[in-house]
Amino acid sequence: MSRPRVLSGIQPTADSFHIGNYLGALRQWVALQETHDTFYCVVDLHAITLPQEPAELRARTRVAAAQLFAAGLDPDSSTVFVQSHVPEHPALEWVLACITGFGEASRMIQFKDKSAKGGADAASVGLFTYPILQAADILLYDADQVPVGEDQRQHLELTRDLAQRFNYRFGPTFVVPGPYILPGVAKIGDLQDPTIKMSKSASSPQGIIDILEDPDSIRRKIMRAVTDTDGEVRADEAAKPGVTNLLRIYAALAGEPVPSLERQYAGAGYGKLKKDLAEVVVDAFGPIRERTEKLLANESELDRLLAAGAEKAHRIAAATMARVRDRMGFLPPA
Ligand code: TYM
């Protein structure tokens, strides 16, 4: 029996992924390799929905890919590729855009958030159609499951709606995918304002921990993380969002349930919790940082891995797109 298929993507818009990306998505990507047929892409076409400096985009695309391999994606089991290397992504996006309602696209929360920041005039049409490109990424590969953080849930609902709508109008064509969102890690909070999600665009540097960050800087940020004044190490999302966030990060990285950490740190105070957590994070990210540096030192090998991934991805995407063209009634070239 063939394994269920997984696809997910990540934007190359920072010099490093952060711990929210890692716990909310990347770690699941690595684990799913054991049981699923896995496809992961660095979504550079999504990145340009906000202005990017070309040299920086190129460098960050390689840094992103290197971190994916360094975090444990195995090029022999996962297909890892760069989105713009597979021309079917924007091709399918156009077709899907033509069955998406304007009002439907207007309801996307991430568009509202991102466009609100720069003012409506600064927002591009690409930013508006961003979730439709994401739907194309997923539907091209017949993905059954999409491992992401909570902030992507609405985009996955749109993807499901578009797949069902297309199948209804043109006959069975797409697999209708489901979200793979793990509770507890789906929304890692900002260290300075734990009521909002950690995010490269919204968080201050003090609120973010990067995978490639220097260990002393990681320690400092965790020691300064905002908590509360009652001093009790206990998870309570509403009353104690800061401590709850730290406990969740700790639990996920150490593989220990939150209640067992609560017992372990009962009466110990936040200082001890933060000190130990800092070492857990430094130990988890140290080896990833070293492997990333090694991979980046050999660009041609990294590019070769990405070319092999793109070739495999392209074969599947081209077959899906041929199916779509036929269903739509596009006259094949003679
Ligand atoms: P991106 O690049 O913003 O984030 C990559 C992944 O990290 C998750 N994430 C978080 N999880 C938990 N806590 C956080 N604070 C946190 N911040 C980010 C995101 O949910 C995501 O899973 N639109 C996508 C990229 C994309 C995609 C796709 C995803 C493009 N095409 C197809 C899945 C399938 C995005 O911007 O992710």
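**Exercise 1. What radius of gyration does the protein chain have, and which value would a compact globule with 334 residues have?**

Solution. Keep in mind that this is a predicted model.
- Start with the rule of thumb: for 334 residues, a compact globule would come out near 20 Å.
- Now take the value for the protein chain, which is 21 Å, so the two agree.
- For the outline, use the principal axes: the C-alpha atoms fill a box of roughly 75 × 45 × 45 Å.

**Exercise 2. Work out how the protein chain is built up and how much of it is buried.**

Solution.
- Count the secondary structure: you get 13 helices and 5 strands.
- Next, check burial: 49% of the 334 residues are buried.
- Then look at the surface, about 15,300 Å² of it accessible, with 54% belonging to carbon and sulfur atoms.
- Take contacts between residues at least 6 apart in sequence: 75% of them join residues at least 24 apart.
- Finish with charge: there are 37 positive and 43 negative side chains, and the centres of these two sets sit 2 Å apart.

**Exercise 3. Find the largest nonpolar core and say which helix gives the largest share of it.**

Solution.
- A bit of background helps: in soluble globular proteins, nonpolar side chains tend to be buried together.
- Here the largest nonpolar core holds 55 residues, and I19, Y22, L23, L68, V281 and F285 touch the most other members.
- Helix 12 (residues 270-297) supplies the largest share of this core, with 9 residues.
- Zoom in on V281: skipping neighbours within four places in sequence, V281 is in contact with I19, I209, I218, I222, I249 and L253.
- Don't stop there, though: another core lies apart from this one, with 38 residues, L92, A105, V146 and A186 among them.

**Exercise 4. Place I208 in the chain and decide: is it buried or exposed?**

Solution.
- Locate I208 in the loop between strand 5 (178-180) and helix 9 (215-223).
- Its relative accessible area is 9%; the cut-off for buried is under 20%, so I208 counts as buried.
- See what I208 touches: leaving out residues up to four places away in sequence, the list is H18, M198, S199, K200, S203, E213 and K221.
- For a sense of distance, try A313, 105 residues from I208 along the chain: their C-alpha atoms are 33 Å apart.

**Exercise 5. Describe the backbone and the exposure of D142.**

Solution.
- D142 belongs to the loop between helix 7 (125-139) and strand 4 (145-147).
- Its phi is near 55 degrees, a positive value in a residue other than glycine.
- With a relative accessible area of 22%, D142 is partly exposed.

Note on methods. Residues numbered from 1 in each chain as written. Predicted model: local features only at pLDDT ≥ 70, side-chain atom pairs only at ≥ 80, totals over all residues. Heavy atoms only, no water. Helix = DSSP H or I, 4+ residues; strand = E, 2+ residues; numbered from the N terminus. Rg over C-alpha atoms; globule rule 2.2 N^0.38 Å. Buried < 20%, exposed > 50% of the residue type's maximum accessible area, 1.4 Å probe, protein only. Contact = heavy atoms within 4.5 Å. Areas by Shrake-Rupley, 256 points an atom, 1.4 Å probe, with all protein chains shown as cover. Lys, Arg positive; Asp, Glu negative; His and termini not counted. Charge placed at Lys NZ, Arg CZ, Asp CG, Glu CD. Core = buried A, V, L, I, M, F, W, Y, C linked by side-chain atoms within 4.5 Å.
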